[in-house]
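Work through the exercises below with the model open. Try each task before reading its solution.

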Amino acid sequence: MTVAGPTLSQRAQKLRRLALESIAAAGSGHPGGSLSAADIVAVLFFQELRWHEKDPLWPLRDRFILSKGHAAPILYAALAETGRIPEESLQTLRRTGSPLQGHPSVKDLPWVEASTGSLGQGLSIGLGHALAGKMDGLDFRVFVLLGDGELNEGQVWEAAMAASHYGLQNLVAIVDQNGFQLDGATDAIMGLGPLPAKWEAFGWQVEEVNGHDVAELQRALAIPRPRWEEKGRPRVIIAHTVKGKGVSFMEGNNAFHGRAPTPEELKKALWELGGEAP
Amino acid sequence: MTEMGPSTREAYGQALLQLGRQDPRIVVLDGDLSTSTMTRYFAKEFPQRFFNMGIAEANMVGAAAGLSRSGKIPFISSFATFLMSKGYDQMRMAIAYSKANVKLVGSHGGISVGEDGVSQQSVEDLALARSLPGFYVACPADGPSTAAVIRAAAYHPGPVYVRVGRPPAPLVYREPAAFAFGRAPVLRQGRDVTIAALGLMVPEALKAADMLAEKGYEARVLDLVSVKPLDTHTLIQAAEETGAMVVAEEHLLAGGVGSAVAMLLSQFRPIPLAFVGMEDTYAESGKPAELFQKYGLTAENIAWKAEALITRYRRR
């Protein structure tokens with residue numbers, strides 16, 4: 001018998017609310033890219049990731065690396081909602097002395113797996129974990145969440161080349177393709193297309209999904225554990241998302257790339273996200 | 001005459017092989033230079049623990065951070081200039097800031113790379129490495145010292161950068177050499193002046209001490225193999241007892257080891273100092289010995305600066 005808990009969509013909405021509340025409490029942060037990643041993060045944290053509740057370094061854990069480090073609030077929300085960190089700590093985001101640094105810091109918070117925020121680095125770090133897994137014949141998987149603007153960084157493609165060279169079937173890149181970067185639309189700043197063909201050319205298995213369709217994400221992120229006796233390839237999931245997803249006045253509004261909502265905006269946003277009426 | 005030994009890169013390659021035999025956690029990454037950095041010995045014996053990452057240093061540094069968090073002890077190698085310059089942001093974020101247990105070994109340090117010219121000559125790697133919080137930094141003078149440094153680096157719980165060089169290095173030590181981070185071996189005692197040197201400048205410093213002895217000056221010679229942390233005790237003691245110091249390095253003076261020594265001594269024991277190193281310039285192609293001559297990285301220049309300090313500031 002199973003007890004019906006919140007659905008993954010409801011979980012994602014809760015993560016969005018917690019992320020926005022923490023950003024508002026901090027008075028700064030990045031709402032847009034946090035909201036676009038919420039459904040992906042919810043499916044990973046509430047369904048896919050194998051972890052040990054006491055040991056962030058448990059050797060068999062599935063690794064999750066938030067390469068787009070500015071979406072830290074959605075990661076912290078997931079850590080709180082899964083009991084890894086206390087929910088109250090979300091209110092300390094960006095405060096002096098808090099483990100919840102403006103961008104993830106593994107030194108301050110071991111659950112975040114990698115220090116990110118200088119874009120382009122997460123896939124390489126994930127590659128290192130994946131190489132170690134292959135060396136030791138372990139069956140953990142490594143999920144790295146990248147922004148689409150982040151793909152401008154050459155290092156991402158260095159890592160992409162190496163991952164297919166080493167046949168890292170345990171490495172999964174997820175691109176949160178919300179179509180915007182700081183200065184504007186990704187197509188206007190630095191065209192990425194044709195993105196699936198680029199990853200394919202680098203030797204990756206490519207899948208495109210709607211990054212807000214939880215059922216689709218569940219299916220796509222159910223990556224089989226590596227079977228090292230067989231050859232395999234790394235996989236990329238290109239998730240089509242909406243920047244600011246779930247809040248009408250933030251959706252596709254790049255003004256909310258990197259500014260906190262006002263108290264009034266927060267109230268309205270929380271209500272739209274299934275919170276209490278303002 | 002001084003007996004020649006292996007290059008420090010050769011000694012690194014051999015030391016790494018020994019370590020690999022003793023400890024299965026040791027893994028090695030190289031950026032398509034393994035036949036030059038000498039990680040090839042390790043690669044040949046332990047192909048499963050050697051990763052050639054191609055000509056992509058940034059990715060190599062990041063991958064090493066991931067390997068270390070998954071329980072390995074990664075050594076990563078390239079030419080010093082490519083490793084430090086192209087992998088710097090990754091060292092900052094994924095290694096220094098993250099306190100990752102990664103060992104970085106830059107070969108072809110300094111202008112003694114020679115004929116390949118400026119693009120391959122690293123004259124800023126020590127400044128860059130030393131600026132990373134938590135990094136330990138070493139620059140051994142010869143083969144035996146390199147072996148000791150590499151063993152110590154492997155089991156220091158944190159990031160380490162080691163600079164090794166291309167040409168054969170005159171022997172300063174006998175096997176097995178002793179090394180500890182934060183210790184500067186006193187290679188020669190003296191009370192008139194101190195010469196603190198590192199890498200290939202150590203044998204030059206010893207020659208300079210011989211030259212000074214012919215003029216009746218006794219120079220103390222320190223090996224600053226541990227660039228960070230410096231041996232504060234030995235340096236301050238030398239400052240107190242000799243009253244003047246020349247620091248000699250195959251590196252830009254800006255941000256180099258001389259500047260670290262100056263910062264230390266100016267706080268605790270201010271004395272007249274002089275510096276031998278690259279003066280706000282790159283070098284060029286040429287034979288290493290000719291380049292050392294042209295850019296003043298010689299025993300003669302060290303001795304000349306030491307004598308000038310002694311005659312100008314002599315108090316006793």
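Two exercises follow, one on the contact between chains and one on the domains of chain B.

This is a predicted model: local features need pLDDT of at least 70, side-chain atom pairs count only at pLDDT 80 or more, and totals for chains, interfaces and linings use all residues. Residues are numbered from 1 along each chain as its sequence is written, and chains are lettered from A in the order in which they are written.

**Exercise 1.** Describe the contact of chain A with chain B, then place A:Ser124.

*Solution.*
- Count residues. Chain B gives 24 and chain A gives 21. Contact means C-beta atoms, placed from the backbone, within 7 Å.
- Find the elements. On chain B, α4 (57-69) and α6 (88-96) give two or more residues each. α4(B) gives the most, with nine. Helices are DSSP runs of H or I, at least four residues; strands are runs of E, at least two.
- Turn to A:Ser124. It sits in helix α5 (residues 122-136) of chain A.
- Check burial. A:Ser124 counts as buried because it has 32 C-beta neighbours inside 10 Å; the cut-off is 20 or more.
- List partners. Beyond four places in sequence, A:Ser124 contacts A:Gln155, A:Ala159, B:Asn59, B:Gly62 and B:Ala63.

**Exercise 2.** Describe how domain 1 and domain 2 of chain B meet.

*Solution.*
- Set the bounds. Domain 1 is 4-170 and domain 2 is 186-311, from an automatic or database domain assignment.
- Take the separation. Their C-alpha centres lie 25 Å apart.
- Count contacts. 29 residues of domain 1 touch 29 residues of domain 2.
- Name elements. On the domain 1 side, α7 (125-130), β6 (136-138), α8 (143-155) and β8 (168-170) each supply at least two residues.

Methods: Two residues are in contact if their C-beta atoms, placed from the backbone, lie within 7 Å. A residue is buried if 20 or more other C-beta atoms lie within 10 Å of its own, exposed if 12 or fewer, and partly exposed in between; C-beta atoms are placed from the backbone.
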